[in-house]
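Visitor: Hi, have you got a minute to walk me through a structure? I'd like to ask things as they come to mind.
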Amino acid sequence: MKTFARCDKANRSEEKLLRYRVGQRIVHAILATSFLMLLFSGLMVLWQPLTLWVRAVAPDLSPGVLHRIGAVLFMSVPILYLLVDRCGARQLLVESFSYDKDDIEWLKHAWRYFLGHAVGMPPQGRLNAGQKLHHAGVVIFSATVVFSGLALWFGKGALGPTGLALAATIHSFSMLVLTVLLVGHLYFTFVYKALSAMTTGYVPKEEALIEHPKWVEELERQATGD
């Protein structure tokens with residue numbers, strides 16, 4: 001009997017839940033790639049030594065061309081998301097701007113999560129409150145970086161010096177905020193070993209019950225038809 005109990009426990013610990021569908025993972029990869037292209041090419045424009053170093057390795061690489069390619073890819077992300085996973089895109093947008101009592105309580109104890117202590121945090125749904133704030137920030141500042149970038153790209157003859165300076169300030173500030181959000185995203189990915197969730201799409205149920213118990217309960221209700 002003890003042997004069977006151990007086997008049972010092993011099976012439960014290996015049970016996995018689908019967290020990210022294929023379309024969501026593809027969109028995430030394109031978003032990450034395009035943002036890094038924008039960040040890298042933008043730094044090349046702002047910091048000349050980087051341009052000189054890069055051109056020593058790749059003489060034909062133009063920061064301007066790289067930035068424009070990255071911009072087109074970046075702007076295509078929401079359209080692509082709607083095409084490949086309309087339900088997922090809508091769900092992400094709604095959840096990112098929806099907060100309940102548990103979310104407020106989670107934010108009050110966010111320092112514990114920051115230090116790697118997920119056990120004992122207030123119960124969360126598919127996204128915890130920190131992830132919701134992160135996604136909301138990405139949505140808002142992606143919009144400002146796109147509109148200010150389009151103004152700089154196509155509005156040089158119409159905006160005048162003051163308008164261009166304002167657009168450049170908004171663009172730079174938005175990229176700074178998005179870069180900080182990226183650093184935070186990478187930090188939590190490392191602390192909670194979450195990279196495999198995006199590469200495979202699955203998370204261990206045991207971990208999901210610790211970090212997202214309300215989401216697991218919702219999945220189980222859907223599975224039983226309740």
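Visitor: Let's start with Val-216. Which helix is Val-216 found in?
Guide: Val-216 belongs to helix H12, which covers residues 213-224. One thing to keep in mind throughout is that this is a predicted model.

Visitor: Noted. Is Val-216 buried or exposed?
Guide: Val-216 has a relative accessible area of 2%. The cut-off for buried is under 20%, so Val-216 counts as buried.

Visitor: And how far is Val-216 from Glu-206, C-alpha to C-alpha?
Guide: Their C-alpha atoms are separated by 9.9 Å, and the two residues sit ten residues apart along the chain.

Visitor: Let me zoom out. How many helices and strands does the protein chain have?
Guide: The count is twelve helices and two strands. In sequence order the pattern reads α-β-α-α-α-α-α-α-α-α-α-β-α-α.

Visitor: What share of the residues counts as buried?
Guide: Of the chain's 226 residues, 31% are buried.

Visitor: Now pockets, my favourite. What volume does the second largest pocket have?
Guide: The second largest pocket comes to about 770 Å³. Its lining is made up of 25 residues.

Visitor: Which of those lie nearest its centre?
Guide: Those are Gly-42, His-67, Gly-149, Leu-152 and His-171.

Visitor: Which helices supply at least two residues of that lining?
Guide: Four do: H2 (22-46), H4 (63-84), H8 (129-154) and H9 (156-191). H9 provides the largest share, with seven residues.

Visitor: How does the lining of that pocket divide into nonpolar, polar and charged residues?
Guide: It has 16 nonpolar, seven polar and two charged residues.

Visitor: You mentioned H2 and H4. At what angle do H2 and H4 pack?
Guide: The angle is about 160 degrees, and the axes of H2 and H4 are 8 Å apart. Anything over 145 degrees counts as roughly antiparallel, so that is how H2 and H4 run relative to each other. H2 passes H4 in a left-handed crossing.

Visitor: What classes of residue make up the contact of H2 with H4?
Guide: The contact of H2 with H4 has 19 nonpolar and seven polar residues, with no charged ones.

Visitor: And H2 against H9, at roughly what angle do they cross?
Guide: H2 and H9 cross at roughly 130 degrees, and their axes come within 12 Å. That makes H2 oblique to H9. The crossing of H2 and H9 is left-handed.

Visitor: While we're on H2, what about Gln-24, buried or exposed?
Guide: Gln-24, which is found in H2, is buried, with a relative accessible area of 7%. There is also a long-range pairing to look at: Gln-24 and Met-198 are 174 residues apart along the chain, while their C-alpha atoms are separated by 8.8 Å.

Visitor: Let's go back to empty space. How many cavities of 30 Å³ or more are there?
Guide: The count comes to one. The largest cavity has a volume of about 40 Å³.

Visitor: Which residues line the largest cavity?
Guide: The lining consists of Trp-106, Tyr-113, Ala-118, Met-121, Pro-122, Gln-124, Asn-128, Ile-210 and Glu-211. By class, that gives six nonpolar, two polar and one charged.

Visitor: Changing topic to backbone angles. What is phi of Lys-193?
Guide: Phi of Lys-193 is near 50 degrees, a positive value in a residue other than glycine. As background, most residues other than glycine have a negative phi.

Visitor: Where is Lys-193 found?
Guide: Lys-193 sits in the loop between H9 and helix H10 (195-200). With a relative accessibility of 68%, Lys-193 counts as exposed.

Visitor: One more loop, please. Where is Asp-100?
Guide: Asp-100 lies in the loop between helix H5 (86-96) and helix H6 (101-108). Its relative accessible area is 34%, so Asp-100 is partly exposed.

Visitor: And how far apart in space are Asp-100 and Ala-129?
Guide: C-alpha to C-alpha, Asp-100 and Ala-129 are 9.1 Å apart, with a sequence separation of 29 residues.

Methods: Residues are numbered from 1 along each chain as its sequence is written. This is a predicted model: local features need pLDDT of at least 70, side-chain atom pairs count only at pLDDT 80 or more; totals for chains, interfaces and linings use all residues. Side-chain values use heavy atoms; hydrogens and water are left out. On a 1 Å grid over the protein atoms alone, a cavity is a set of points where a 1.4 Å probe fits but cannot get out, and a pocket is an open set with protein on both sides within 12 Å along at least five of seven lines; lining residues have an atom within 4 Å of a point. Grid points are joined across faces, edges and corners, and a volume is the space filled by probe spheres set on the points. Ala, Val, Leu, Ile, Met, Phe, Trp, Tyr, Cys and Pro count as nonpolar, Asp, Glu, Lys and Arg as charged, and the others, Gly among them, as polar. Axes are lines fitted to C-alpha atoms, for helices over the stretch in contact, and angles run from 0 to 180 degrees between N-to-C directions. Angles under 35 degrees count as roughly parallel, over 145 as roughly antiparallel, 65 to 115 as roughly perpendicular and the rest as oblique. A crossing is left-handed if the near helix is turned anticlockwise from the far one by less than a right angle, and right-handed if clockwise. Buried means under 20% relative accessible area, exposed over 50%, partly exposed in between (1.4 Å probe, protein chains only).
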